[in-house]
Amino acid sequence: MHRSPWWFHRLETLVNHFIELLVPFFLLLGRRMAILHGLLQILFQVLLIISGNLSFLNWLTMVPSLACFDDASLGPLLGRRLRERAARLQLQGRSLALGSCVRRVLNISLGLLITYLSIPVVLNLLSSRQVMNTSFNSLRIVNTYGAFGSITRERTEVILQGTSSLDPNDPTAVWEEFEFKCKPGELRRRPCFISPYHYRLDWLMWFAAFQTYEQNEWIIHLAGKLLAQEEGTLSLLATNPFAGRDPPRWIRGEHFRYKFSQPGGKHARQGKWWIRKRIGPYFPPVSLQGLRKFFEDRNWPHPLQD
């Protein structure tokens, strides 16, 4: 998908805008258009699931679309007994005129309330200083939500490396990489397909890569646990280069820029899915003893080697 022609990506953008901005109004145009809305939304999310790793987000987005399908449209998927029972219940509901009126009044009242509460949300949407993930009232019924306020144009990654060398600044020190279960690391490893599962640590590592370690102190906490070779932490990783050996003396974070290799190109012929270029250090080499004060200042328990 990433290496598709430019016109394909333009088409993707056009379809996205159509699905997200215009199709929702199909809900106001009658039963058949509402069903079409549900089908288009579900198909669109399926395409996103196939082409990207957004874990459970797309699956959750499909759930509200199920409300677009009425009994008649879902009937063929159900057994005869269920269809007959639904028809009887529907007839009983129609005979309760008072209940029908009460329900209609409640529906209209709820619609007016949502419309009123949506005014600041729409104004925020049209504003040049749009605010993401914010509630505009104490009821918190209508909010602005976005998984991503903006999308980065480059993929940067933090690679954790360990060494048994006494001196981390020794040019001959051998640094070995810890491999995560899904995020890019080893250049020859094919990108994984994880939906709907969510590798939380891999996700956090991705966000940390376009910030600093000072903004993500938990990554130093992670380094301390890897230095201690704690089993619970190691279970979150794909590979531990120090398995069956003495724990590493030092761990550092290196910052790389990743991009896909070109199909049929030199790197792809070498079996590499990724090409990477070092940006620089992400955090300096740390040792278990050197992290003691860092942990104490934050009231974190100091990791202990098994």
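Let's start with the transmembrane regions: the UniProt annotation, from an unreviewed entry, places them at residues 14-30, 42-60 and 105-126. Keep in mind that what we have on screen is a predicted model. So what does the model show in those stretches? Over residues 14-30 the chain is 53% helix and 0% strand, and the end C-alpha atoms of that stretch sit 25 Å apart. Residues 105-126 are 100% helix and 0% strand, with 31 Å between their end C-alpha atoms.

The same unreviewed UniProt entry also has a domain annotation, "Lipase maturation factor 1/2 N-terminal", for residues 1-74. In the model, that span is 69% helix and 0% strand, and its end C-alpha atoms lie 33 Å apart.

Let's look at how some helices here pack. Two packed helices are described by the angle between their axes and the distance between the axes. Take helix α1, residues 6-22, and its partner α2: their axes cross at roughly 140 degrees and come within 11 Å. The two helices are therefore oblique to each other. In this crossing, α1 passes α2 in a left-handed way. Which residues make the contact? From α1 we have N16, F18, I19 and E20, and from α2 we have L40, Q41, F44 and Q45. Sorted by class, that contact has four nonpolar, three polar and one charged residues.

Now follow α2, residues 31-51, to helix α3, residues 57-65. Their angle is about 175 degrees, and their axes are 9 Å apart. How do they run relative to each other, parallel or antiparallel? An angle over 145 degrees counts as roughly antiparallel, so α2 and α3 are roughly antiparallel to each other. On the α2 side, G38, Q41, I42, Q45, V46, L48 and I49 take part, and they meet N58, W59, T61, M62 and S65 of α3. This contact divides into six nonpolar, six polar and no charged residues. You may recognise Q41 and Q45 from the contact of α2 with α1.

Let's move along the chain to a sheet. Strands of a sheet pair through backbone hydrogen bonds, either parallel or antiparallel. Here we have an open sheet of four strands, in the order β4-β3-β7-β8, and the pairing is antiparallel. Which strands are at the edges? They are β4, residues 176-177, and β8, residues 274-286, each pairing on one side only. Strand β3, residues 155-163, runs antiparallel to β4 and is joined to β4 by two bridges. If you want a spot to find on screen, look for Q161, which stands opposite E177 in β4.

Two helices pack on this sheet. Helix α7, residues 200-209, touches β3, β7 (250-260) and β8, and its direction makes about 110 degrees with that of β3. Helix α8, residues 218-227, also touches β3, β7 and β8, with a direction about 80 degrees from that of β8.

And α7 and α8 pack against each other too. Their angle is about 125 degrees, with the axes 11 Å apart, which means that α7 is oblique to α8. Here again the crossing is left-handed, as α7 passes α8. What makes this contact? L201, L204, M205 and A208 come from α7, and W218, I219 and L222 come from α8. By class, there are seven nonpolar, no polar and no charged residues in this contact.

Note on methods. Residues are numbered from 1 along each chain as its sequence is written. This is a predicted model: local features need pLDDT of at least 70, side-chain atom pairs count only at pLDDT 80 or more; totals for chains, interfaces and linings use all residues. Side-chain values use heavy atoms; hydrogens and water are left out. UniProt positions are given in the numbering used here, feature names are shortened, and annotations may be inferred rather than shown by experiment. Two strands pair if DSSP finds at least two bridges between them. Contact means heavy atoms within 4.5 Å. Axes are lines fitted to C-alpha atoms, for helices over the stretch in contact, and angles run from 0 to 180 degrees between N-to-C directions. Angles under 35 degrees count as roughly parallel, over 145 as roughly antiparallel, 65 to 115 as roughly perpendicular and the rest as oblique. A crossing is left-handed if the near helix is turned anticlockwise from the far one by less than a right angle, and right-handed if clockwise. Ala, Val, Leu, Ile, Met, Phe, Trp, Tyr, Cys and Pro count as nonpolar, Asp, Glu, Lys and Arg as charged, and the others, Gly among them, as polar.
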